[in-house]
Structure formats: structure tokens, C-alpha cells
Amino acid sequence: MALGWMTLLKTVPWTDVIATAPAVADGAKKLWTAVSRKTTRDAAAATPAGTGSDADTDQAHALAALMQRLQALDTQSAELHSQLQASAALIEQLAAQNSELVQRVEAHRVRLRWLSAGVAALVVAAAGAAIALAGWGLGR
């Protein structure tokens, strides 16, 4: 299973991920700023003036039903706006975590390169020492 993860991690274009991490974080900040600035619109409720005839009464009922529906839609819009703000805040947090994760992965990648170079130098030194010792043993 570790081999599968290593293969997966090797296929990720880390330079592209690292290069785009600040853009992702900035985009999340811009989204959060844009969403948090929006305000919900208050619906102005107007009451119809009736004259007493059946046609006016029917229009008054239809207008009252439309006003109720408008108020319900306005309430739903306000709820969706608050959910959008919460989602934008979550996206901003995830982008910040992603940016930090990318920075740490890059630091580990650099550290791994240094360690690999050190191990390679030790292998070369050990091989040289082994050859030297073998040469000393053959010459006697």
C-alpha cells in the first residue's frame, strides 16, 4: 500500500501545486470578502386598498398571496445567503490549510532531497572504503 501512495505522490505535479497555492488562498479570501459584504434586501410590504367589489377582493387576495410568497422567498434567500457565507468561510479555511500543507510538503521534499544526497554520498564513501580495504587485502 505504501508503494501505491508513493507512486501517487510522485505523479502529482508539485511545482504546479505549490505555484497555485497562493492563488487558491487569494481566491478564497476574495470569495469570503465578496460574500460577507452582500446584504439581504428587505421586502417592503404594501397593503392593498380594497373598494369592496368582488374583482377588487379577488385581486386583494391574489396580491396578499403574492406578498406572502415574496416574503417566504425573501426569507429563503436570507437563509441561502447565510449558508453561502458559512460555505465561503469554510472554503477560506480549507484554502489556508491547503496552502500550509503545500508549504510543509515542499519543505519535506527539500529535506528529502538533502537526505538522499547525504545517503548517496555515504554509499559512495562506503563503496570507496570497501574497495580500498579489498585492495589492501589483495596486496598482502
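1. Let's start with the salt bridges. How many turn up when the whole structure is searched? There are 2. Keep in mind as you look at them that this is a predicted model.

2. One of these salt bridges pairs Arg104 with Glu100, and their side chains come to 2.8 Å, counted from N to O. Both residues sit in helix α3, which covers residues 54-139, and they are 4 residues apart, about one turn of the helix. Is Glu100 buried or exposed? Neither label quite fits: Glu100 counts as partly exposed because its relative accessibility is 40%, and that value falls between the 20% limit for buried and the 50% limit for exposed.

3. Glu106 and Arg109 form a salt bridge as well, with 2.6 Å between the closest N and O atoms. Once again you are in helix α3, and here the partners are 3 residues apart, about one turn of the helix. Arg109 has a relative accessibility of 28%, so it counts as partly exposed.

4. Now step back to the overall layout. The protein chain has 3 helices and 0 strands, so if you read from the N terminus you get the order α-α-α. What percentage of the 140 residues count as buried? The figure is 7%. The accessible surface comes to about 11,300 Å², and carbon and sulfur atoms account for 65% of it.

5. Have a look at how parts of the chain meet. Take the contacts between residues at least 6 apart in sequence: 86% of them join residues at least 24 apart. For a pair to try in the viewer, pick Thr15 and Val102, which are 87 residues apart along the chain and have their C-alpha atoms separated by 10.0 Å. Thr15 belongs to helix α2, residues 14-37. With a relative accessible area of 62%, Thr15 is exposed, because anything over 50% gets that label.

6. Finally, a word on confidence. The mean pLDDT of the protein chain is 79, and 79% of its residues reach 70 or more. Which element has the lowest mean pLDDT, and which the highest? Helix α1 (residues 2-11) is lowest at 66, while α3 is highest at 88. That α3 is also home to both residues of the Arg104 and Glu100 pair.

7. Go easy on residues 40-51. Over that stretch pLDDT stays under 50, and the model has 12 contacts for it beyond four places in sequence. Where pLDDT is low, the predicted coordinates should not be read in detail.

Definitions and conventions: Residues are numbered from 1 along each chain as its sequence is written. This is a predicted model: local features need pLDDT of at least 70, side-chain atom pairs count only at pLDDT 80 or more; totals for chains, interfaces and linings use all residues. Side-chain values use heavy atoms; hydrogens and water are left out. Helices (H or I, at least four residues) and strands (E, at least two) are DSSP runs, numbered from the N terminus. Buried means under 20% relative accessible area, exposed over 50%, partly exposed in between (1.4 Å probe, protein chains only). Contact means heavy atoms within 4.5 Å. Accessible areas come from the Shrake-Rupley method with a 1.4 Å probe; for residues, only the protein chains shown count as cover. A salt bridge is a side-chain nitrogen of Lys or Arg within 4 Å of a carboxyl oxygen of Asp or Glu. pLDDT is the predictor's confidence in each residue, from 0 to 100.
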